[in-house]
Amino acid sequence: MAITLKDVASVAGVSTATVSRALAGSERVAPQTASHIRSIADDLGYRFDNVARALRQKRSNLVGMVAPDYAFPGAPDLLFALNRELFHSEFVLAAVTSFGSVESEFVQVERLLGQRIDALLIVPADPIKSAAAIHIALDEEIPVFQLHRRVHHARTSTFTLDYAAGIDFALRLSGYRPEMTIVYGGESSSIAADMKREAFLSVMSRRAHDKFQLLRLDSAGRQASKRIGALSILGEPARLIICDSYRIAEIVSQHYGQRGEAVNCPSLVCLDSMPAKDQAALGNVMAVEYPAYELASLLVEGINRVLNDEAPQPENVQLQPFINLSRSGVR
């Protein structure tokens, strides 16, 4: 005869709900109690059946996530924060990639729906064509949360990073002046790169600042080094360089260091979180960072509210950045 949840609860002297939470890894159960319950379950030969639980509750406690890749801004921090927040709410994250293809994105969303996900997080591969993948989830009445890019033909919750605010913040801290020459260095086109470049152009337009240069830098290094050597506008050296990734900031910083121009190095702003190992090496860089833990908390809160019918999905949420001053050596 199969051992049931009630059998474990009876031997442990707790409720079936407590046993269920303990075996699901919920932090709502004290560690000592959870360990005791798991030990009893093992002794009795009980196996926790997530599939049966999902059928009973009409929930899988599975959240799907699709992104073209996981190199978008703050991805490692966000994935860690999401896993932590979802764990506290007894969810599991299933993260897959669309490889930047709209067709693959559609297939991946279909596969996640086949796993009976409770919610879908998506970094759209295309600002228009990704509507197809989003709509198949909406047709299944699955709440959808778009991250970093908004597909206007798909009405869902949208969480984006306010790059314009980050650039404005960085300009103020760098001692911005209207006569300052500014260079924007970016890598090849991607979702994040496009959004950052558009934000920079928007800020320059709003400030009526025309002494700037857009420079496509090759993160491989050699080509970038040659182009960095010519950073000037009408012969005037750049006073501020805004880099769209920490890799570009690293190349620019190394270029000035190798040329022995560390003293004359322009102020550097990086529109990306920077690895801890680069803190000492790139002391003259201001890193514009975004609160991954705040985003994760908002997403999980939204998922819980919708699934528990507590509130409708939020519409558009823009996250404000901050400057990591501990890494700033800007004069």
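Modeller: Axes are lines fitted to C-alpha atoms, for helices over the stretch in contact, with angles running from 0 to 180 degrees between N-to-C directions. This is a predicted model, in which local features need pLDDT of at least 70 and side-chain atom pairs count only at pLDDT 80 or more, while totals for chains, interfaces and linings use all residues. Residues are numbered from 1 along each chain as its sequence is written, and side-chain values use heavy atoms, with hydrogens and water left out.

Colleague: How are H1 and H3 oriented to each other?

Modeller: Helix H1 spans residues 5-12 and helix H3 residues 31-44 (helices, H or I, have at least four residues and strands, E, at least two, as DSSP runs numbered from the N terminus), and their axes come within 10 Å and cross at roughly 125°. Angles under 35 degrees count as roughly parallel, over 145 as roughly antiparallel, 65 to 115 as roughly perpendicular and the rest as oblique. The two helices H1 and H3 are therefore oblique.

Colleague: Which residues of H3 make the contact with H1?

Modeller: Contact means heavy atoms within 4.5 Å. From H1, the contact takes in Asp7, Val8, Val11 and Ala12. On the side of H3, the residues are His36, Ile37, Ile40, Ala41 and Leu44.

Colleague: In the open sheet, what is the order of the six strands?

Modeller: Two strands pair if DSSP finds at least two bridges between them, and in this open sheet the pairing is parallel. The edge strands, each paired on one side only, are S2 (92-97) and S13 (316-319), and neighbouring strands are turned by 20° against each other on average, direction ignored. The order of the six strands is S2-S1-S3-S4-S5-S13.

Colleague: How many bridges join S1 to S2?

Modeller: Strand S1 (residues 62-67) pairs with S3 (residues 119-122) in the parallel sense over four bridges, in which Gly64 has Leu120 as its bridge partner and Met65 has Leu121. Towards S2, the bridge partner of Val63 is Leu93. S1 and S2 also run parallel, and the number of bridges joining them is six.

Colleague: How many residues of S1 are buried?

Modeller: Buried means under 20% relative accessible area, exposed over 50% and partly exposed in between, with a 1.4 Å probe and protein chains only. Leu62, Gly64 and Val66 are buried on one side of S1, and Val63, Met65 and Ala67 are buried on the other, so that both faces are covered. Of the six residues of S1, the number buried is six.

Colleague: Which strands does helix H6 touch?

Modeller: Helix H6 (residues 102-114) packs on the sheet, and its direction makes about 175° with that of S1. The strands that H6 touches are S1, S2 and S3.
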